[in-house]
Amino acid sequence: MARVRYGARSLETLSKSAKDRSVLPEIWSTGVVAMWETDPEVVAAVLPPPLVPADRPLVRANISAVDINGYPLGAGAIAVRCKHGDVEGDYTLTMPMTTERSVIGGREVFGEPKKLAEVSVDRDGDEVVAKVTRLGVTYVEIRGRVVEELPLPDPRTTTSFYYKFLPAVDGDGFDADPMLVHVTRNEKHRSASRIEGEVILRDSDFDPVADLPVRKLVSITIGERTSDQQGFVAEHVKADLVLPYIHQRYDDVAQISDEPPAPGDPV
C-alpha cells in the first residue's frame, strides 16, 4: 500500500518529533518595540479577572520580522502591563502573525490570541517603519529615525498571561473553565538602538487598539533579539469571569454596531 500521510504515526516517530522541536537553534528577529502610557481605566477595562492593572498603565507594541530557514515571518503583539497575584507581566490583547502555522501553534498550545495579518519591519538607513495591517486597516504603525546605539540589555526573563479555552459545542459559553496560562521567555539581545518617532493608532472594528491611546510615549527601540518559551497553567478561572471578554479573541461582527451607552443606561 502506498504511504497514507493522514494515517497514524508510531510512538517512536512522535517521540523523535517532540525531541527535535525541543532542541531548536537560536532564531534572531529584528523587532521594533514601542512603550507608552495610556488611561488607567482603559487598562482596567480590558483585563479579565483575576488579572489586575500594574502600578503604571503601560502598553507595549512589538513588531518583528524574522527569516526562518528561508521562510519569512512577521509577528507582533499588543499588550498591557498587569499582575496575577504577586507576578507582574503582560496581558496580550492581540498577536498578529503572517503565517497560519504560527497562529495555530500559539493558539492551541498556549492560548495566545493570534490572528493572521500583514506584519512588516522596514529600515532604510536610519529611517524605520513597522506596521500591522489587517482587513484593510493599518491599525498600528511605528515610525521614526534611529538616533543612537544603546548598551545591550542584560538577558532577562519576561512573563505573559493568556487564557486558554474552547467555546462550547452548543454555542453557550465554554466546554470547560478557561485556564490562565503563564508563559515565560528568556530573552537576549545582540543589538539595540533608540528611535525618535511616533506611534500611530488607527481605528479598526476588529482590532480596536486605538482604544489604548498614547498619553505619554515612553520609548521606541529597534534591536535583534532571540528567546525561548515555556508555559504552565497557573489556575482555572470560572467561565462567567472570562466570558465577557471572549470577543477579544475573535472577529465579532456585532461590535461594529456597538455604541456607547446613553446616560442613565445600564452598563
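# A walk through the model, one selection at a time

Start by selecting Arg-145, a partly exposed residue with a relative accessible area of 41%. Keep in mind as you go that this is a predicted model.

**Stop one: a salt bridge at Arg-145**

Now add Asp-126 to your selection. Arg-145 and Asp-126 form a salt bridge, and their closest N and O atoms are 3.9 Å apart. Where do the two partners, Arg-145 and Asp-126, lie? Arg-145 sits in strand S9 (residues 137–149), while Asp-126 is in the loop between strand S7 (118–124) and strand S8 (127–134), so this pair ties together parts that are 19 residues apart in sequence. Like its partner Arg-145, which is partly exposed, Asp-126 is partly exposed too, with a relative accessible area of 31%.

**Stop two: a small network**

Next, select Arg-60, Arg-81, Glu-88 and Asp-90 together. Salt bridges with shared partners join these four, Arg-60, Arg-81, Glu-88 and Asp-90, into one network. To see one link of it, zoom in on Glu-88 and Arg-81, whose side chains meet in a salt bridge of 3.1 Å, N to O. Are these two buried or exposed, or something in between? Glu-88 is partly exposed, at 36% relative accessible area, and Arg-81 is partly exposed as well, at 27%.

How many salt bridges does the structure hold? There are 22, so don't feel you have to click through every one. One more is worth a look, though.

**Stop three: Arg-56 and Glu-37**

Select Arg-56 and Glu-37. Their side chains meet in a salt bridge, at 2.6 Å from N to O. Arg-56 is found in the loop between strand S2 (52–53) and strand S3 (58–68), and Glu-37 belongs to strand S1 (residues 29–37), so here too the pair ties together parts 19 residues apart in sequence. Try a surface view on these two. Glu-37 has a relative accessible area of 19%, and it counts as buried because the cut-off for that is under 20%. Arg-56, by contrast, is partly exposed, with 38%.

**Stop four: aromatic rings**

Switch to the ring side chains. How many aromatic pairs are there? The count comes to two. For one of them, select Tyr-91 and Tyr-163, an edge-to-face pair with 6.1 Å from centre to centre and 75° between the planes. Follow the backbone out from each ring: Tyr-91 is in strand S5 (residues 87–97) and Tyr-163 in strand S10 (residues 156–164), so the pair links distant parts of the chain, 72 residues apart. Both Tyr-91 and Tyr-163 are buried.

The other pair is Phe-165 with Phe-174, and this one is tilted: 4.8 Å centre to centre, with 55° between the planes. Check how well covered these rings are. Phe-165 counts as buried at 12% relative accessibility, and Phe-174 counts as buried at 11%.

**Stop five: two backbone oddities**

Hide the side chains for a moment and look at the backbone from Pro-49 to Pro-50. Is that peptide bond cis or trans? The bond from Pro-49 to Pro-50 is cis, with omega near 5°. Pro-50 is placed in the loop between helix H2 (40–46) and S2.

Then jump to Leu-135, in the loop between S8 and S9. Leu-135 isn't a glycine, yet it has a positive phi of about 50°. Leu-135 is also exposed, with a relative accessible area of 58%.

**Stop six: Leu-217 and its contacts**

Select Leu-217, which is in strand S12 (residues 216–227). This residue, Leu-217, is partly exposed at 34% relative accessible area. Which residues does Leu-217 touch, leaving aside its neighbours within four places in sequence? It is in contact with Met-35, Trp-36, Gly-197, Glu-198 and Val-199. Now draw a distance from Leu-217 to Asp-207, ten residues away along the chain: their C-alpha atoms are separated by 21 Å.

**Last stop: a nonpolar patch**

Finish with Met-1, Val-4 and Tyr-6, shown as a surface. They form a nonpolar patch there, with about 530 Å² of accessible area together. Click on Tyr-6 in particular: it lies in the segment before helix H1 (11–22), and it is exposed, with a relative accessible area of 87%.

Technical notes
Residues numbered from 1 in each chain as written. Predicted model: local features only at pLDDT ≥ 70, side-chain atom pairs only at ≥ 80, totals over all residues. Heavy atoms only, no water. Patch = residues over 30% accessible without salt bridge, like charges linked within 9 Å, V, L, I, M, F, W, Y side chains within 5 Å. Areas by Shrake-Rupley, 256 points an atom, 1.4 Å probe, with all protein chains shown as cover. Helix = DSSP H or I, 4+ residues; strand = E, 2+ residues; numbered from the N terminus. Buried < 20%, exposed > 50% of the residue type's maximum accessible area, 1.4 Å probe, protein only. Phe/Tyr/Trp six-rings, centres within 6.5 Å; stacked < 30°, edge-to-face > 60°. Contact = heavy atoms within 4.5 Å.
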